[in-house]
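Please read the following account with the sequence and the model side by side, taking the elements in the order in which they are introduced.

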Amino acid sequence: MSPEAPIHEAPFKVGLLGFGTVGAAFAELLQERADEIERFNGRRPVISGVLTRTRGDFEEILAEADIIVEVMGGIEPAREYLLRAMRAGKDVVSANKQLLSQHGEELFETAREHDVRLRFEAAVAGTVPVVRVLEESLSATPIDRIHGIVNGTTNFILTEMTHGSSYAEALAEAQRKGYAEADPSDDVSGRDAAAKMAILARLAFGTPVHLDDVRYEGIEHLHGDDLEYAREFGLGLKLIGTAERIDGGLSVSVYPTFLYSGHPLAAISGSFNAVTVESETITEITLSGPGAGGRQTASAVLGDVVSVMTGGARPPAPPLPLRLVEDVQSAFYLHLDVADRPGVLASVTKVLGEHDVSIKSVVQRGMGENARLVMVTHPVVESSLRTAVERVGEFDFMRSTPRTIRVIEEEFV
Ligand SMILES: NC(=O)c1ccc[n+]([C@@H]2O[C@H](COP(=O)([O-])OP(=O)(O)OC[C@H]3O[C@@H](n4cnc5c(N)ncnc54)[C@H](OP(=O)(O)O)[C@@H]3O)[C@@H](O)[C@H]2O)c1
């Protein structure tokens, strides 16, 4: 062939593991976008094999493919297939947050060892391209903190509750709209968000974080009247994932949290996701976009495939472990159902004061059987707050167990 002759490069062969909601949408999107991708990258992506429980053979798919895309879900056999693909020198893409949050180090280590790419944008925050931003755009930025709304289902439910729905009504609506699974427990318990925060924390702070290292709490126990009271303080409720450097260590958690309206995540409503990255160097960057959904997720997966075709980022560097910190400072919202009698507020504030809990604002509502003290504290070490609240709970004027919800103090203006 003369040097001037047009070069028709071989197609870029994609072995697809899984053909469910995401896999089928990915196959459709790939076909739609193949011309454009070929025009920009010189190679045409094609699906060379598909594996489901009833179709395809993994060994044959692996032998044929240039890249393996895993959208099966679950731990096994997804873990085994990804490891085998990388050991065979193939780049891989996965949307599997449970797998990455529980076996991430093994997968990253294998990718480094065999010098292949492991991309997983779709595993973290729906369509929000935060993995790439952390790995590439912010790779030279020392990150102090990440806050994320990384579960669209719970954000939708909390948005509905803010507009007056009960938890049960909001969950039913989320299921009707297809945002929540028939079994929504992974979402509403906070476990799905915890898995995503483990992956984000690993990327941002270079420390191995396993799903079991993430403290998390869900939204099932929330009361509509907490949202109403909080409105009086100018607060809105979100399920917030946090990963932050604290005293040379790292804390990773997911909790229902009140935000003041100036916080960049306060305006994220419905099934959207968003991530805020904070650093002294950049102040704050917020990325937001639609949460999960077959086609949206497929677009993140296809973006990863194109990134591999164009030589995108290598797996994260080997870990530099940071100590995991559990007892962190936070401001708290505190809801106390109390008997309506003199001296109650004084007794409560005395106990709180003895544990260094200082009150920022307080409202008293109702009379008799409906009397309530609702307050927001200044930031306090969580263990002090817990001990103080336990002691307050022992007063004979308490009519039910005190309720606490974290509050993020900062406002960005
Ligand atoms: N759905 C979303 O919006 C979304 C968003 C972000 C991330 N994700 C992630 O994407 C992945 C796929 O989710 P999905 O909603 O597309 O799941 P899905 O609809 O349940 O599809 C799973 C696919 O994988 C196949 N599969 C499962 N176990 C298998 C096994 N042992 N051997 C061979 N094939 C197997 C299934 O085969 P059969 O058809 O034979 O059952 C099915 O085709 C999960 O990791 C999920 O967390 C999903």
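**The open sheet and its surroundings**

Strand β1 (residues 12-17) pairs with β2 in the parallel sense over six bridges, where two strands are said to pair if DSSP finds at least two bridges between them, and where helices (H or I, at least four residues) and strands (E, at least two) are DSSP runs numbered from the N terminus. This is a predicted model, in which local features need pLDDT of at least 70 and side-chain atom pairs count only at pLDDT 80 or more, while totals for chains, interfaces and linings use all residues. Residues are numbered from 1 along each chain as its sequence is written.

Within the pairing of β1 with β2, K13 stands opposite V46 of β2. The two strands belong to an open sheet of five strands, ordered β2-β1-β3-β4-β5, with parallel pairing. β2 (45-51) and β5 stand at the edges, each with a single partner strand, so one side of each is left without a neighbour in the sheet.

Further along the sheet, strand β3 (residues 67-70) runs parallel to β4 and is joined to β4 by four bridges, and the bridge partner of I67 in β4 is D91. Between these two strands the chain passes through helix α3 (residues 78-87), a β-α-β crossover that is right-handed, which is to say that, with the strands pointing away from the viewer, the path from the first strand over the helix to the second runs clockwise. β4 is in turn joined to strand β5 (residues 118-119), again in parallel, by two bridges, and V93 stands opposite R119 in β5. Here the chain crosses from β4 to β5 through helix α4 (residues 97-113), and this β-α-β crossover is likewise right-handed.

In a regular strand the side chains alternate between the two faces of the sheet. Strand β4 (residues 91-94) is covered on both faces, with D91 and V93 buried on one side and V92 and S94 buried on the other; a residue is buried if 20 or more other C-beta atoms, placed from the backbone, lie within 10 Å of its own, exposed if 12 or fewer, and partly exposed in between.

The ligand is surrounded by 23 residues, of which the closest are G18, G20, R53, G73 and A292, a residue being near a molecule if its C-beta atom, placed from the backbone, lies within 6 Å of it. α1 (21-41) and α11 (294-309) each supply at least two residues of this shell, and α1 gives the most, with three residues.

Among the helices, α6 (residues 152-162) has ten of its eleven residues buried, so it is largely enclosed by the rest of the structure. The buried residues of α6 pack against β6 (145-149), α7, α8 (185-188), α10 (224-232), β8 (235-246) and β10 (272-279). α6 is followed by G164, whose phi is positive, near 110°.

Helix α7 (residues 167-176) contains A170, which counts as buried because it has 23 C-beta neighbours inside 10 Å. Leaving aside its neighbours within four places in sequence, A170 is in contact (C-beta atoms, placed from the backbone, within 7 Å) with I157, E160, M161 and S165.

In helix α9 (residues 191-205), 15 of the 15 residues are buried, so this helix is largely enclosed by the rest of the structure. Just after α9, G206 takes a positive phi of about 65°.

Terms used: Two residues are in contact if their C-beta atoms, placed from the backbone, lie within 7 Å.
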